[in-house]
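Colleague: Please take me through one part of this model in detail, starting with a single stretch and then moving on to the packing elsewhere. What should I be looking at?

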Amino acid sequence: MSTPYPFTAVVGMDDLRLGLLLNAVSPAVGGVLVRGEKGTAKSTAVRALAALMPDVDVVAGCRFSCAPGAPDPGCPDGPHEAAPGTARPARMVELPVGASEDRLVGALDIERALSEGVKAFEPGLLADAHRGILYVDEVNLLHDHLVDLLLDAAAMGASYVEREGVSVRHAARFLLVGTMNPEEGELRPQLLDRFGLTVEVAASREPEQRVEVVRRRLAYDDDPAGFAARWADEEAALRQRIVAARALLPGVVLGDGALRRIAATCAAFEVDGMRADIVMARTATALAAWAGRTDVLEEDVRQAALLALPHRRRRNPFDAPGLDEDKLDETLEQFGGDDEPEQDPDHDPDPDPDGPDGGPGGGPGGGGGIPPQSQGPEAPAPAEERQAQGPGEQSAVRAAEPFRTKMLSVPGLGEGAAGRRSRARTEHGRTTGARRPRGALTKLHLAATVQAAAPHQRARGRSGAGLVVRRDDLRQATREGREGNLVLFVVDASGSMAARQRMSAVKGAVLSLLLDAYQRRDKVGLVTFRGTGAEVALPPTSSVDAAAARLEKLPTGGRTPLSAGLLKAHDVLRVERLRDPSRRPLLVVVTDGRATGGPDPVALAGRAARLHAADGTASVVVDCETGPVRLGLAGRLAADLSGTAITLDELRADSIAGLVRDVQATTTRRAA
C-alpha cells in the first residue's frame, strides 16, 4: 500500500484544511465541496485526511461496518450478537465518475429473490464508506441521479435499495467530500445546497510559498516513507486533536445569542430554505470544539458563515459563489448580543495547530470566501483582453435580459448521457418494452420475465406456489427518457450585426439558449465568425458559465464569412463525434443569413451548410434580420442545412401556442 502524503505537509490551503477537519470532528456538518482550478492539491488533501481519522470498531464479519456497542437493528447481515468487535482504520472510498447506480447503492440478485424469496444483496460503495470518508472527484461530472442518491443517503444516514418490490436498507453515515473544477461545469444550485460547506482553492501567487510546495512534493516523490516519517509527530498531534474535539463536541453550548446571529446572517443574505441555518449552527459548534471551547463565540459564527453560505447565494447558473464580508460584519455587529461569553485574556482567536506555516485555525483568519485572485469581474482584464481593437471592430455590448426559450430538440431516439432535451433510451424514465439483458440485469421487467418463465414450469418440476425462474427468463426493461445534447452555437459577429441594440438582442437570445442548455444538462460550444475567418471561441464543454463569459466579451465588426463559420463548426462536430459518438449534436446558427467576402459567398455558405445536412446534423437558424425589408437569406440557409428557421421573437416560449419545436433533420425532411 502506498504511503499517503501527510495532511500537515500541505502548504497553505487553510480554508480547505479547516473545512475537512471540521467535518472530521462533526460529520453532521454535511460534508465539504472543494472548488478550484486544476493542480491545487484538492485530491491530495482529501486523501491525506483519511490517515488522520480515528480507527473504528466494527462487528467482525459485518459487511456494513456496524458498531459493536450499537449495531444497526436493520442491518442486512444482522441481527448481531454482543461481541467485542475488531478495530480497523477508517476507510476512504472513492466514487468513480463512471460508476453505475448498482455500484453506488448495491445490487439485489433478482433471480434468487423471485425463485427463492431470498434478499441476496451485494453491498455498494455507500456501505463500504459507512463510518468513513466517501470521496467524489469531479462531482460536477457525475450523473445527476447518482448525485441525488448520494446526497439523499448523506442527509438521511441510510441507503435504500428497491427493485421490483424487494427492498433493503442499511446505515450509511460518512464524511462526504466532493471536488470539482468549475471550468468543467457547475453543479445545480439544488445540489450545491446539499453540501454543508464549500471552499474555494487556488494556487498561491506568492513565489516563496510556491517554492515550498515544489520542494515538499519533490521530497515526497523521492522518498514517500521517509517524508511521511518526518511529519509523523505533527500528524499524531493533529489526530489527537480531532479525537479531543470529538469528545468535547457534545458539551459545546450554542447560546440564544449565537443562534440569533446565525438566523440574522442567513436572512440578510437571503439564502433559500433553512438548511443554511442548521449547517451554520453545526459548523459554529464544531469550530468551538476544534478551538477547545464549550461556548460558541461570534468569531465561530463568522467563520461558519464564510464556509456555509457562499455556494447558497447563487440565484442563477451564471452567478459566482461568494460572500460580501463587509455586509457579514455589519450584520454580526447589528445583532451582537450581551450574552457573549467572557473570553480568557490569553484566548487566541486564530489557533494555529500546524505551526508557523499556518494551518486550519478555528478563528476568522481563514476566510471562506473566494480567494483574492478570483474575486469576480472587477479584477483587471488580462493584457490580451485590453489590447486595442482592430480596424472596423467595435467594442463588446452587453446582452439583453434573457428569457425563457422554446425547447429545441433533436428528432429520433438517442442513447446519449442522461439529460432533459431529446428523447433517448435511458436507465430512468417510462418503461417502453423489454429485452434480454446484455450483461448484468439492472432494471427488471417483471411481467415479461414471468411471461418468459411460465411455459417451462412443468418441465422444471414446479410443485409449490413459487415460480421456477432461470437466468434465461430474466428480461431487462427498456426505458425512454431524455438525453443531453451537444449544442454548438455558430454566432455571426460581423459588421452586419454590429448595431448595438441588435447585437444586444442577439446576445440576449444566445444567453437565453445557454440558460436552457444548462437546465437541460447539455454540453455547449461556441464558434464565431467575422472579418476574414472563424474561430472556436469555446470548445465543447459542460461549463455553460464559460460560454456565457466568452459571449459577454464578444466584439463585432468586419465582413461576414458565413461559410468559414459553418466549416469550422463542421470540423468541431467531426472531432466530437469521434470523442463521444453517443452524444447527438444540435447546431444553432445565429445570423441574418448575409454572407460577404470572396467570390460568390452565398453559394459557398450553401455548400458548407449542405455538409452538415449530409451528416444528418439537426440544425436551427435563429434569424436576426430586422426592418421592414427582409431578404429571407436565413430561411435559405436553413433549407440548405435541412433544418428550420425561427426569428428572435419566435424563439420566446410565450410567443405562440406550444412550447416544443422539433428541429427537422435530414431524415425528417427527406421523408416529407
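Modeller: Here is a close look at one helix, followed by a helix pair and a small sheet.

First, the ground rules: this is a predicted model, where local features need pLDDT of at least 70, side-chain atom pairs count only at pLDDT 80 or more, and totals for chains, interfaces and linings use all residues. Residues are numbered from 1 along each chain as its sequence is written, and side-chain values use heavy atoms, leaving out hydrogens and water.

Start with α18, residues 562-579 (helices are DSSP runs of H or I with at least four residues, strands runs of E with at least two, numbered from the N terminus). Its 18 residues reach 26 Å from first C-alpha to last, close to the 26 Å expected at 1.5 Å a residue (expected span: 1.5 Å times one less than the number of residues). Buried along α18 are Leu 562, Ser 563, Gly 565, Leu 566, Ala 569, His 570, Val 572, Leu 573 and Glu 576 (buried is under 20% relative accessible area, exposed over 50%, partly exposed in between, with a 1.4 Å probe and protein chains only). The cover over those residues includes strands β17, β18, β19 and β21 plus helices α19 and α20. Zoom in on Ser 563: it counts as buried because its relative accessibility is 18%. Setting aside residues up to four places away in sequence, Ser 563 touches Leu 604, Ala 605 and Ala 608 (contact: heavy atoms within 4.5 Å).

Now swing over to α13 (298-308) and α14 (325-334), whose axes come within 11 Å and cross at roughly 145° (axes are lines fitted to C-alpha atoms, for helices over the stretch in contact, with angles from 0 to 180 degrees between N-to-C directions). On the α13 side you'll find Glu 298, Val 301, Arg 302, Ala 305 and Leu 306, meeting Glu 325, Leu 328, Asp 329 and Leu 332 of α14.

Last stop is an open sheet of 3 strands, ordered β14-β16-β15 and paired antiparallel (pairing takes at least two DSSP bridges between strands). β14 (418-426) and β15 (430-435) each have a single partner strand, so one side of each is left without a neighbour in the sheet. On average, neighbouring strands here are turned by 30° against each other, direction ignored. β14 pairs with β16 (476-483) over 6 bridges, and Arg 425 has Glu 480 in β16 as its bridge partner.
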